[in-house]
Amino acid sequence: MIGYVSVGSNDIPRAAAFYDALLAELGGKRFMEMDNFIAWGNKPGQPMISVIKPYDGNAATVGNGVMVALAADSPETVDRVYKKALALNAKDEGAAGPRGDDGFYAGYFRDLDGNKLAVFCLTK
């Protein structure tokens with residue numbers, strides 16, 4: 001159902017370097033690119049994530065309550081991606097680990113523009 005999700009950035013080259021390195025951990029690569037927009041995905045026809053400089057010309061801001069969740073295939077992948085985000089200077093928003101007893105395993109962080117992301121998997 002979801003085609004793509006966009007997060008705002010005020011520095012597209014800086015955001016591009018962050019997401020190139022981070023999403024490579026999940027097999028992601030660039031699929032679309034313009035001066036003010038870059039989208040990554042795993043393959044055509046699958047959901048993508050993009051960074052964009054706002055069309056209205058105003059500064060990009062963080063949406064309160066907005067979060068993008070990146071799907072992973074295992075807790076080990078969640079751990080690897082979460083650690084990669086922190087190594088790329090993301091801000092920690094919750095260490096990778098189990099949440100509750102329903103098999104949800106996740107780590108939370110904010111990208112270089114302050115956008116909140118999660119990487120997660122289901123173990124049950």
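**Strand pairing, helix α1 and S74**

User: In β8, which residue is the bridge partner of Y105?
Analyst: Strands β7 (residues 104-110) and β8 (residues 116-122) run antiparallel and are joined by seven bridges; strands are DSSP runs of E of at least two residues, and helices are runs of H or I of at least four, numbered from the N terminus. Two strands pair if DSSP finds at least two bridges between them. R110 is bridged to K116 in β8, and the partner of Y105 in β8 is C121.

User: What pLDDT do side-chain atom pairs need in this predicted model?
Analyst: Residues are numbered from 1 along each chain as its sequence is written, and side-chain values use heavy atoms, leaving out hydrogens and water. The model is predicted: totals for chains, interfaces and linings use all residues, local features need pLDDT of at least 70, and side-chain atom pairs count only at pLDDT 80 or more.

User: Which strands are the edge strands of the open sheet?
Analyst: The four strands follow the order β5-β8-β7-β6, with mixed pairing. An edge strand pairs on one side only. The strands in that position are β5 and β6 (91-99).

User: Which glycine in the turn between β6 and β7 has a positive phi?
Analyst: β6 and β7 run antiparallel and are joined by six bridges, one of which links D92 to F109 in β7. Four residues lie between the two strands of this hairpin. The turn residue with a positive phi, about 70 degrees, is G100.

User: Why do the buried residues of α1 lie on the same side of the helix?
Analyst: In α1 (residues 12-24), I12, A15, A16, F18, Y19, L22 and L23 are buried (under 20% relative accessible area; exposed is over 50%, partly exposed in between; 1.4 Å probe, protein chains only). They lie on the same side of α1 because the arc that they cover around the axis, taken from the directions to the C-beta atoms, is only 165 degrees.

User: Is S74 buried or exposed?
Analyst: S74 is found in the loop between β5 (68-71) and α2 (75-87). Its side chain makes polar contacts (N or O atoms within 3.5 Å, one able to donate a hydrogen and the other to accept it; residues adjacent in sequence count only if both atoms are side-chain atoms) with the side chains of D73 (3.4 Å) and T77 (3.1 Å). Because the relative accessible area of S74 is 16%, this residue is buried.

Key. The expected span of a helix is 1.5 Å times one less than its number of residues.
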